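Hi everyone, thanks for making time. I'd like to walk you through one protein model today, piece by piece, so please keep the picture open while I talk.

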Amino acid sequence: MSSRSSQVTCIPLVHVEAMEPNRITTRFVVLLVVGTLIVSTAAEYVRPPPGRVILTEHDKPASHPQQVHLSVVGANHMRVSWITDAKHGHSVVEYGRASGNYTTSATGEHTSYRYYLYSSGKIHHVTIGPLDPDAVYYYRCGMVGDEFTLKTPPAALPIELALAGDLGQTEWTASTLAHVSKTDYDMLLVPGDLAYADTQQPLWDTFGRFVQEHASRRPWMVTEGNHEVEAGMALPGLPGPFVAYTTRWRMPHEESGSTSALYYSFDAAGGAVHVVMLGSYAAFNSTSEQYGWLARDLARVDRRATPWLVVLLHAPWYNTNAAHAGEGDAMRKAMERLLYEARVDVVFSGHVHAYERFARIYDNEANPCGPVHITIGDGGNREGLAFDFQKNHKLSRLSLMREASFGHGRLSVVNATAARWAWHRNDDADSTVRDELWLESLAANGACRRTQPFADYRSDEL
């Protein structure tokens, strides 16, 4: 495991301006991390200022693995990803069920990328398995360095999914991840905005080292946010958008039939839960590849075998906060009917640095067969919280809980019909449950059961 530097530095950062999904526009400004104390309307709790950025150094030989993280690949395999500063490291993972006794090994591949004057280390990706479900494995990367421990997800319900968006690498991110790890969970889902590198590539490295303690133990399944775009000038030979994100954080898009690393899906708990990760910053209209892929992916889901459908994306489709108001509207108008007809149970988003939960909703109206929409963009980012919830917003009556505080969420899928959602606020050293509800799977709701085959609504207009 990497050691975390105790030195905290305030540094200039490049900030990506708020932008509408599907449009890549970047403005470069200098940001200094500045904190101010803000008191909430609730007298008992003082909401925190933005935390300082933590720059985690690599203090081991260049050949030793760093930035180790896991992701699921198929039913019983996992991908191990890491970086070495040395260019001659082996893309090999040794693993076994006992510490130091590696009975199996797997060989993968390596890559690297350039971003203007920055050259990445050697980025390794190795798929291991088949693995036993709900089991502890010990592993070593590159045949050198530290031993790591992972736990595989279960092959059946129940399953515990942790969620945290808009993470960054601040003191509050550290608090959020510490709270997540205090209670066992099977997988972390991140609806975009990871490192907040914003073109400063060394911040991808410090982020990878910062989260290694957690991401090397449980799989992290992520999708992109606006801070992953990092669009340079559109000239031949210069880096394109998302190059750091897609090269470092490889997700199973090909395994799910997607032609893009910006959207994919996977099964959890032996197929009882199907998770769809959508791309807010990939084309999404009715003629796009993402739209066609989503329609096919949802059509393949048999709700008798898969009672739970979960979707993640970055820019929220429903939002009563002034921050990023309306940025998810175009995508919602293009794709919402697909999700509604498939009876998606819950949609998680980030982007807005606060927590908000809506009633079951479809097309701006309460609908018992629509998904619950939850914004969970409060992981601890350096930009701070979004306080400006609009009291007279047209959707306020359907916004059942909203609060600008850092925290994380947990979706505990208990069985084929019931799941418990809980949002945990970071209260100093403690994690306090501030919102919770029980969800009934829409597949188990007779009134919402589909009577017609799933359709591909390509004729819908934006």
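I'll start with the whole chain, then go through a few of its parts.

One thing up front: this is a predicted model. The protein chain has five helices and 28 strands. It has 462 residues, and buried ones make up 60% of them. Now look at the contacts between residues at least 6 apart in sequence: 71% of those join residues at least 24 apart.

Okay, let's go to helix H4, residues 289-299. How enclosed is helix H4 by the rest of the structure? Eight of its eleven residues are buried, so H4 is largely enclosed. If you want to find them, the buried ones are Gln-290, Tyr-291, Gly-292, Trp-293, Leu-294, Ala-295, Asp-297 and Leu-298. And what do those buried residues pack against? Three strands and a helix: strand S18 (264-268), strand S19 (273-277), strand S20 (308-312) and helix H5 (329-341).

Let's take the helix partner. H4 and H5 pack with their axes 10 Å apart, at an angle of about 15°. Anything under 35 degrees counts as roughly parallel, so that's what we call H4 and H5. Their crossing is right-handed. On the H4 side, the contact is made by Gln-290, Tyr-291, Leu-294, Ala-295 and Leu-298. On the H5 side, you have Met-331, Ala-334, Met-335, Leu-338 and Leu-339. Here's a handy bit of background for reading those numbers: an α-helix has 3.6 residues a turn, so residues three or four places apart point the same way.

Now the strands that H4 packs against, and S19 in particular. Five of the five residues of S19 are buried, so this strand is largely enclosed too. Val-273, Val-275 and Met-277 point one way, while His-274 and Val-276 point the other way, and all are buried.

Which way do the neighbours of S19 run? S18 and S19 run antiparallel, joined by five bridges, and Ala-268 stands opposite Val-273. The two strands form a hairpin, with four residues between them. Have a look in that turn for Ala-269, which has a positive phi of about 55°. S20 also has five bridges to S19, but S19 and S20 run parallel. There, Val-276 of S19 has Val-311 of S20 as its bridge partner.

Let's move to another sheet. Four strands make an open sheet here, in the order S8-S7-S13-S14, with antiparallel pairing. The edges are strand S8 (104-107) and strand S14 (147-151), each pairing on one side only. From one strand to the next, the twist averages 30°. S14 pairs with strand S13, residues 136-141, over five antiparallel bridges. If you'd like one pair to click on, Tyr-139 has Phe-148 in S14 as its bridge partner.

Next, some backbone oddities. As a rule, most residues other than glycine have a negative phi, and most peptide bonds are trans. So where are the exceptions?

Two cis bonds first. A cis peptide bond joins Gly-129 and Pro-130, with omega about 5°, and Pro-130 is in the loop between strand S12 (122-128) and S13. The bond from Leu-157 to Pro-158 is cis as well, with omega near 5°. You'll find Pro-158 in the loop between S14 and strand S15 (159-163).

Then two residues with positive phi. Arg-343 isn't a glycine, yet its phi is near 60°. Arg-343 sits in the loop between H5 and strand S21 (346-349). Asp-363 has a positive phi of about 55°, and it isn't a glycine either. Its loop runs between strand S22 (355-362) and strand S23 (365-366). Are these two buried or exposed? Arg-343 is buried, with a relative accessible area of 13%. Asp-363, at 45% relative accessibility, counts as partly exposed.

Last stop: His-408, in strand S26, residues 407-413. With a relative accessible area of 1%, His-408 is buried. Its side chain makes a polar contact, at 3.4 Å, with the side chain of Arg-410. Leaving out residues up to four places away in sequence, His-408 touches several others, among them Leu-163, His-179, Trp-423 and His-424.

That's my tour. Thanks for listening, and do go and find these spots yourselves.

Note on methods: Residues are numbered from 1 along each chain as its sequence is written. This is a predicted model: local features need pLDDT of at least 70, side-chain atom pairs count only at pLDDT 80 or more; totals for chains, interfaces and linings use all residues. Side-chain values use heavy atoms; hydrogens and water are left out. Buried means under 20% relative accessible area, exposed over 50%, partly exposed in between (1.4 Å probe, protein chains only). A polar contact is a pair of N or O atoms within 3.5 Å; within protein, one must be able to donate a hydrogen and the other to accept it, and residues adjacent in sequence count only if both atoms are side-chain atoms. Contact means heavy atoms within 4.5 Å. Two strands pair if DSSP finds at least two bridges between them. Axes are lines fitted to C-alpha atoms, for helices over the stretch in contact, and angles run from 0 to 180 degrees between N-to-C directions. Angles under 35 degrees count as roughly parallel, over 145 as roughly antiparallel, 65 to 115 as roughly perpendicular and the rest as oblique. A crossing is left-handed if the near helix is turned anticlockwise from the far one by less than a right angle, and right-handed if clockwise.
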